[in-house]
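This report describes a protein model in terms of its fold, its strand pairing and its surface. The sequence and the structure are shown first.

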Amino acid sequence: MSADPALTDVRPADAPAGGTGPADAPTASPGTAPGAPLLSVRDLRVMFTRPGGGRVFAVNGLSYELRAGRMLAIIGESGSGKSVSSRAIMGLLPPSATVTGSIRLDGTEIVGMPERRLRQLRGTQVAMIFQDPTRSLNPTMRIGLQITEAIHLHNKIDKKAARARAIELLKLVRLPAAERRFHDYPHQLSGGMRQRVMIAIALACNPKLLIADEATTALDVTTQAQIMELLVDLREQLGMAVIMISHDLGLAASYAQDVVVMYAGKAVEQAPAEKLFARVRMPYTRALLGAIPRLDATPHSLLPVIGGQPPNLSVMPTSCPFRPRCPVASDQCAEIPPLLEHEPEHRWACWHPDGPGAADQAAPVAAAGAGGAAGPAVASAQPPAAAGAKTLTTPGRAGSATGQGER
Amino acid sequence: MAVVDVDSAIAQGDPEKGPPAPGAAAAPGPARRRVWARRLQLGVPIGLIVLIVLACFLGPVIFDVPRPTNGDILESGLPMFSDGHLLGTDQNGNDILSRLLYGGRASLFIAVMVNLIGVVVGGGLGALSGQLGGAFDTVLMRILDVFIAFPSLVLTLAVAQSLGASVRNTIFALSFFSIPAVARISRSAVLRLRELPFMAAAELSGTPRWRVLLRHIAPNIGPQLLSFAMLNMGVVIIIEGALSFLGLGIPPPDPSWGNMIFDGQQSLTATPWLVVWPSIALMVTVISFNLLGENLRSLWSSR
Amino acid sequence: MTLASTPPRAAALTWLSGAWAGVSSSPILRIIIKRLLMAIPIMLGVSILTFWVLASIPGNAAQLQLGINATPEQIATLEKQLGLDQPAIQRYLDWLGGLLTGDLGRSSVSSQPVTSLIADRLPVSAELVGLAFVLSLAVSIPVALVSARRPGGIIDRIAMVIAATGQSIANYVLALLLVLIFAVKAGVLPAIGFTPISEDLGENLKGMVLPTLALAFPLMCFYTRFLRSDLVDQLQREDYVDTARAKGAGPWRVLLRHAFRNSSFGLITLVGLNVSVLIGVTVITEQIFAMPGLGQLLLQGINTRDFVVVQDLVILFAAITVVVNLIVDLLYVILDPRIRYGSR
């Protein structure tokens, strides 16, 4: 399936990177966006085969795009498929995983790429930092060597030049006393310093895309903010794209420009950050927001939690996966809601979204019929530009607003 | 349990490890084969062990097997498939099959007893030591250090020598090195267990120590000790054989696999099968126990 | 594996290490001193246990040498001559005093100094153990690496089946099997005997092949299985492996540069824990191949009630165990920077 370049472009291409454009910026019409996105994920599916023969459907048709120089936050609970989908970009999944769909990085298809070529890509095109910097650095190697290893793997340069580059990198990530720290072992550094070293390793070969997998979760709040600021600065300085994976919507609101909320291996809501947080539509996203403890809450009141069990990933969902936990679920939710661009740049997959037009939401879809050609002509609030809403679901389901496309 | 943790699914790269996900949908075809392979992992060694035990303990009762000792010297050195002697006879005219079965009785009995003593005494001491801590723990660990620094075979040889060769003394001698090993394992298991919140909860709620030991510790370290005991069965059988082999185990003319190998060694050139048969019996038994022990362990550790 | 047993000695001697922290800044020196101090009660315990067990063996060298026809007077005279008439405590203290001053005493049978008996036999055992040890590591490390490269692959499966079988073979059975095949049937190698290196290196090595194989094979199976499973564990569970792969490192680089270095700690621990078993197995192997090593000396000593020799040998074996474990600890320090810089 050929990529429609503007299909999933969640932000207009001419918006200033990192800036806060007006929330009602005019949508770029399909095909006119200058330049292809850096990363284009389409209908990504990842299935694990368990030793006993069971299967785990970790990612079930995820699509998004990311332009160079932007930061995308992928938000979800553990088990939502956020980590797995990003590991797929690195080709870092175990042999028990089956990956289908398409991941195009700078025009190169990654799904199905032989290991040898993937290896050349890792570090140079896309790099990754992990959750726990204590465990993600090799405890028996000096940090300098761990950085120069990354440099030597992709560049034919001598030791001295590699060392100079490594120290330059350590300075770039603002590690104090970089020359001296070059000879330190990981255990001699603090958690925040270790994560800086991890970032230095990731940046060693100027990747175009940096994936930060819960990179600040294991750190204390102050260090967390420092590391996030560093990532934001580096993104601007080096013009690379960043995917931050987190369970923390607050973090996404503070630092990311684009947000994808995942649930049960699918995107359930997707929009530029300011749009999303201006009006959260999907009940799950709302529940996630509600689950953040607030300082202005009544003292001694119970912490809000999302009730119910996380979804069972060992069976393919046939209804809306959030249905059992959803406060507004109805009979209609027995059908999987497609992810549609109901408002400009704002997509969600829900039959009963919050906010204006909620009551009408189901109606056009139900009326659309099997063809679904009209798409969800969302009620009054919708500007005409978004009338021909596009789906982000699988090719089989594309355009079928009835949700019958499940194979 | 309905939730399948994706993170742990990622970690499951090795198809040999980990149990089937309880909530996972059973897929047909190769997956079902894998489930069967998993069952066979326990079934095959257990089956083999049951077979060996039955053959050794019931075989001579049910079937008419010649006596293992006092064979007719005129019938010495008969080849395989001789009349009345399926595996032939040794230099003294004793039936080899019969000696194999009776020798197996001795080996299995000794191995079971040694491990039983090891698990009960060693496991108990270790658990107590880990639970009580303090001076008791320190003193016991120092004593175990001595036993562990002591070359185990030398100790066993000396004990066997000083007490004389008999089944009972062999069990006693071999217990000297199964007890310290089990005690160490059970102690470290208890120490690890004590880190867990439920243990603190039990202690804080005033449960008596002996009750904590019986109700909480014993069921938790039991599986670990059992799989160690299975692995140790093989070790004990081998060392018991070595003792007999060096003439310090089961005294001739009573058979044991070890002294059969030793006797056969003297005429290895002329009649190699005298060594080969008991060696095979020894090997199959040890492999069965090792397989069972290891598969039990991987089953429990992945649970 | 039950190998990761925590050394309880550390806790008991915390106060000592605390005292030392101020005195010695070198962690290596600290560990050596700490370990040697811990060895004192262990060696003392071993000496008491040895003496007690041997003293309870019925009969002594005098009775055995003179035979059943000797008169009580004859026996008494020889006992007096050998010092066996003294009370057990006195004999123990004499022996211990001798040990501390470097005097291992004399054999009750040949009246040769035990020092020279050991010096004669030691090279034989050392060569056997050394060759077996080197061979087992030289085989097990590459095999484990290749197996861990593709867990569940064909090489892994074959190697693991062989290793599981090899680990279950009794050492003496394997020895006889090797003799049967190579000495009896093929006739290419000598079944028994030992030629000193000084006489003929070629003959020496030829005679060493079968004992070394018999000793090394179960060992290498054990090491291979352990190292392979530890490597696979590292590869699957450790995040630093992901980091290395995310850099673009290939599978061999990840295995050799990253996983193996971290797995080597486990292997070293295993080797250390295995010493006392290895000593026992060496005794049997020497007996089967009629090699004039320490094992043979020990068995002879037990059979002739030559207790001074046996006591000295047991102390020597225990000392070797302690020293090997000291070396293991030092290797830890050298390989693991976390210990070297005293943060753990």
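The sections below treat chain A first and then a surface feature of chain B.

## Overview of chain A

The model is predicted. In chain A, the secondary structure amounts to 12 helices and 12 strands. The chain has 407 residues, of which 57% count as buried. Among its contacts with a separation of 6 or more, 68% involve residues 24 or more positions apart.

The exposed area of chain A is about 16200 Å². Carbon and sulfur atoms supply 55% of that area.

## The eight-stranded sheet

Chain A contains an open sheet of eight strands, in the order β6-β7-β8-β3-β9-β10-β12-β11, and the pairing is mixed. Its edges are formed by β6 (126-129) and β11 (340-343) of chain A, each of which pairs on one side only. With direction ignored, neighbouring strands of this sheet are turned by 25° against each other on average.

Two helices of chain A pack on this sheet. Helix α1 (residues 82-90) of chain A touches β3, β6, β7 (209-213), β8 and β9 (258-263) of chain A, and its direction makes about 150° with that of β7(A). Helix α8 (residues 221-238) of chain A touches β3, β6, β7 and β8 of chain A, with its direction at about 140° to that of β3(A).

## Pairing from β6 to β3

The pairing can be followed from the edge strand inwards. β6(A) and β7(A) are joined in the parallel sense by four bridges, and A127(A) stands opposite L210(A) in β7(A). β7(A) in turn runs parallel to β8(A), with five bridges between them; here L210(A) stands opposite V242(A) in β8(A).

Strand β8 (residues 241-246) of chain A also pairs with strand β3 (residues 71-75) of chain A, again in the parallel sense and over five bridges. Within this pair, V242(A) of β8(A) is the bridge partner of M71(A), and M244(A) of β8(A) is the bridge partner of A73(A). V242(A) thus appears in two of these pairings, opposite L210(A) and as the partner of M71(A).

## Burial of β8 and β6

In a regular strand, side chains alternate between the two faces of the sheet. Which residues of β8(A) point one way, and which the other way? A241(A), I243(A) and I245(A) point to one side, whereas V242(A), M244(A) and S246(A) point to the other, and all are buried. Accordingly, β8(A) is mostly covered, with six of its six residues buried.

The edge strand β6(A) can be described in like terms. V126(A) and M128(A) point one way from β6(A), while A127(A) and I129(A) point the other way, and all are buried.

## A nonpolar patch on chain B

Chain B carries a nonpolar surface patch of about 970 Å². The patch is made by I46(B), V50(B), V53(B), L54(B), F57(B), L58(B), V61(B), I62(B), F63(B), F109(B) and V167(B). Helices α2 (30-57) and α3 (59-62) of chain B each supply at least two of the patch residues. The most is given by α2(B), with five residues.

Why can V50(B), which lies in helix α2 of chain B, belong to a surface patch? V50(B) has a relative accessible area of 41% and is therefore partly exposed; patch residues need over 30% relative accessible area.

Technical notes:
Residues numbered from 1 in each chain as written. Chains lettered and ligands numbered in written order. Predicted model: local features only at pLDDT ≥ 70, side-chain atom pairs only at ≥ 80, totals over all residues. Heavy atoms only, no water. Pairing = 2+ DSSP bridges. Axes fitted to C-alpha atoms, helices over the stretch in contact; angles between N-to-C directions. Contact = heavy atoms within 4.5 Å. Patch = residues over 30% accessible without salt bridge, like charges linked within 9 Å, V, L, I, M, F, W, Y side chains within 5 Å. Areas by Shrake-Rupley, 256 points an atom, 1.4 Å probe, with all protein chains shown as cover. Salt bridge = Lys/Arg side-chain N within 4 Å of Asp/Glu carboxyl O. Buried < 20%, exposed > 50% of the residue type's maximum accessible area, 1.4 Å probe, protein only.
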